[in-house]
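Here are some exercises to work through with a protein model on your screen. Try each task yourself before you read its solution.

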Amino acid sequence: MNELALVIEDDMDLAIIFSEALQAARFEVETARDGQAARQRLMITQPKVVILDLHLPLVDGPSLFEQIRSDPRLKGTIVVVATADARLAEAYHDRADFVLVKPISFTQL
C-alpha cells in the first residue's frame, strides 16, 4: 500500500497538478478543496506529505499548519506550503519542510 499524500488546495487546476506529481511519486492522494474538509481529514488520517495552500475557504492554511505541527500523530508529516504570496511564503521558510511560490509546475513539485 502506498503512503498517503493530502493535497489541500482550492484551485482545481493546481490540485490536479499536485495530485498527478504525487501519484507519479507513488503516493496515494486525497484532495481537500477547503480548510474545513482538510481539518476533518487531518483528524482521522496520518498523511506522509501535505501540500498546503495558505489561502483557503472556511479554515485558513495557517490554522491548518498549526494543527499539523501541534498534533503528535503528524510529527513525521512533510508539509509543503504552496502560496502566491511571496511575503507570506518567507514567513514559513523556517517552519515548513518546503515552501513553493505559485505558479508551481509539475516538475517543481
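The exercises below deal with a predicted model, and each one comes with a worked solution.

**Exercise 1. Two helices side by side**

Task: Find out how the axes of helix H2 and helix H3 are oriented to each other, and which residues make the contact.

Solution:
- Step 1. Locate the two helices: H2 covers residues 35–44 and H3 covers residues 61–70.
- Step 2. Look at the axes, which come within 10 Å and cross at roughly 5 degrees.
- Step 3. Angles under 35 degrees count as roughly parallel. H2 and H3 are therefore roughly parallel to each other.
- Step 4. Now pick out the contact residues: H2 brings in Gly35, Ala38, Arg39, Leu42 and Met43, while H3 brings in Ser63, Leu64, Gln67 and Ile68.
- Step 5. Sort them by class, and the contact of H2 with H3 turns out to have 5 nonpolar, 3 polar and 1 charged residues.

**Exercise 2. A pair of rings**

Task: Search the whole structure for aromatic pairs, and describe what you find.

Solution:
- Step 1. The search gives 1 aromatic pair.
- Step 2. A pair of aromatic rings is described by the distance of the centres and the angle of the planes.
- Step 3. For Phe65 and Tyr92, the centres are 5.0 Å apart and the planes are at 85 degrees. Planes over 60 degrees apart count as edge-to-face, and this pair is edge-to-face.
- Step 4. Place the partners: Phe65 lies in helix H3 and Tyr92 in helix H4 (residues 86–92), so the pair ties together parts that are 27 residues apart in sequence.
- Step 5. Check burial, for which the cut-off is under 20% relative accessible area. Phe65 has 1% relative accessibility, so Phe65 counts as buried. Tyr92 has 4%, so Tyr92 counts as buried too.

**Exercise 3. Into the nonpolar core**

Task: Describe the largest nonpolar core, then look around Ile8 and Leu64.

Solution:
- Step 1. This core has 20 residues, and those with the most contacts inside it are Ile8, Leu42, Leu52, Leu64 and Val81.
- Step 2. The elements giving two or more residues to the core are strands S1 (4–8), S3 (49–53) and S4 (78–83), together with helices H2, H3 and H4. H3 gives the most, with 3 residues.
- Step 3. Beyond four places in sequence, Ile8 is in contact with residues including Ala38, Leu42, Leu52 and Leu64.
- Step 4. Turn to Leu64, which lies in helix H3. Its relative accessible area is 0%, so Leu64 is buried.
- Step 5. Beyond four places in sequence, the contacts of Leu64 are Ile8, Gly35, Ala38, Arg39, Leu42, Leu52, Leu56 and Val59.

**Exercise 4. Two positive phi angles**

Task: Look at the backbone of Arg26 and of Leu58, and say what stands out.

Solution:
- Step 1. Start with the background: most residues other than glycine have a negative phi.
- Step 2. Phi of Arg26 is near 70 degrees, a positive value in a residue other than glycine. Phi of Leu58 is near 75 degrees, again a positive value in a residue other than glycine.
- Step 3. Find where they sit: Arg26 is in the loop between helix H1 (12–24) and strand S2 (28–32), and Leu58 is in the loop between S3 and H3.
- Step 4. Exposed means over 50% relative accessible area. At 65%, Arg26 counts as exposed, and at 69%, Leu58 is exposed.

**Exercise 5. One loop, two residues**

Task: Lys75 and Thr77 are to be examined in the loop between H3 and S4. Is each one buried or exposed?

Solution:
- Step 1. Lys75 has 76% relative accessibility, so Lys75 counts as exposed.
- Step 2. Thr77 has a relative accessible area of 5%, so Thr77 is buried.
- Step 3. List the residues that Thr77 touches, leaving out those up to four places away in sequence: Pro47, Lys48, Val49, Val50, Ile68, Arg69 and Asp97.
- Step 4. Compare sequence and space: Thr77 and Leu6 are 71 residues apart in sequence, and their C-alpha atoms are 10 Å apart in space. The C-alpha atoms of Lys75 and Pro47, 28 residues apart along the chain, are separated by 10 Å.

Note on methods. Residues numbered from 1 in each chain as written. Predicted model: local features only at pLDDT ≥ 70, side-chain atom pairs only at ≥ 80, totals over all residues. Heavy atoms only, no water. Axes fitted to C-alpha atoms, helices over the stretch in contact; angles between N-to-C directions. Helix = DSSP H or I, 4+ residues; strand = E, 2+ residues; numbered from the N terminus. Parallel < 35°, antiparallel > 145°, perpendicular 65-115°, else oblique. Contact = heavy atoms within 4.5 Å. Nonpolar A, V, L, I, M, F, W, Y, C, P; charged D, E, K, R; others polar. Phe/Tyr/Trp six-rings, centres within 6.5 Å; stacked < 30°, edge-to-face > 60°. Buried < 20%, exposed > 50% of the residue type's maximum accessible area, 1.4 Å probe, protein only. Core = buried A, V, L, I, M, F, W, Y, C linked by side-chain atoms within 4.5 Å.
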